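Here are my comments on the model you sent round. Please read them with the structure open.

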Amino acid sequence: MNLKSNSEKCASDLMEVMPLVMNFIRTQMRSHSASLLTVPQFRVLAFLKRHPDCSLSAVAEHLGVSRPTASAMVERLVQQGFVNRSEHPQERRQVELKLTEAGYRYFEQIREKTRKEIADQLGNLSETQLSSLREGIALLYQVFNQWH
């Protein structure tokens, strides 16, 4: 098998397994935060953790929604005390968004519960399999980190 067909096979395999993994993660996060947040709201918290002081436009682009839709989502998070919205120092019409301490703590709490659920799913793998999986994940990180 040549390199190109091998990379194409890997791409096909990734496209098959990633939706399964993401569905599991979404289901777990939803089950841990069902009473307070929707999955898109949780995604807003995750985005703000990685990109503090970002704009509403950046949030909308990340979610693939309109600015008014993102604005409504962010407003609910502000009302819940998870997000702080402030005026941009140089651009009055632009806002900066960041997690509050409560938003950060809540995000980390849900993330930790979900991490434990994933660990439980991986618990039946051997040490060799887990090492191989971690090596593969590290490679994926190197390849796709530029896109976040």
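The points below cover a helix pair, the nonpolar core and one buried glutamine.

1. Basis. This is a predicted model, where local features need pLDDT of at least 70, side-chain atom pairs count only at pLDDT 80 or more, and totals for chains, interfaces and linings use all residues. Residues are numbered from 1 along each chain as its sequence is written, and side-chain values use heavy atoms, with hydrogens and water left out.

2. Helix pair. Helix α3 (residues 56-63) packs against helix α4 (residues 67-79) at about 105 degrees, with axes 9 Å apart. The two are therefore roughly perpendicular (65 to 115 degrees). From α3, the contact (heavy atoms within 4.5 Å) uses Leu56, Ser57, Val59, Ala60 and Leu63. From α4 come Arg67, Ala70, Ser71, Met73 and Val74. These residues divide into 7 nonpolar, 2 polar and 1 charged.

3. Core. The largest nonpolar core (buried nonpolar residues joined through side-chain atoms within 4.5 Å) has 25 residues. Val44, Leu45, Leu48, Val59 and Val83 touch the most other members. Helix α2 gives the largest share, 6 residues. Val59 touches Val44, Phe47, Leu48, Cys54, Ala70, Val74 and Leu97, not counting residues up to four places away in sequence.

4. Gln41. Is this residue of helix α2 (residues 39-50) buried or exposed? Gln41 is buried, at 4% relative accessible area (buried is under 20%, with a 1.4 Å probe and protein chains only). A polar atom of its side chain lies 2.9 Å from the backbone nitrogen of Thr38. Gln41 also touches Leu36, Met73, Arg76, Leu77 and Gln80, again leaving out residues up to four places away in sequence.

Conventions: Buried means under 20% relative accessible area, exposed over 50%, partly exposed in between (1.4 Å probe, protein chains only). A polar contact is a pair of N or O atoms within 3.5 Å; within protein, one must be able to donate a hydrogen and the other to accept it, and residues adjacent in sequence count only if both atoms are side-chain atoms. Axes are lines fitted to C-alpha atoms, for helices over the stretch in contact, and angles run from 0 to 180 degrees between N-to-C directions. Helices (H or I, at least four residues) and strands (E, at least two) are DSSP runs, numbered from the N terminus. Angles under 35 degrees count as roughly parallel, over 145 as roughly antiparallel, 65 to 115 as roughly perpendicular and the rest as oblique. Ala, Val, Leu, Ile, Met, Phe, Trp, Tyr, Cys and Pro count as nonpolar, Asp, Glu, Lys and Arg as charged, and the others, Gly among them, as polar.
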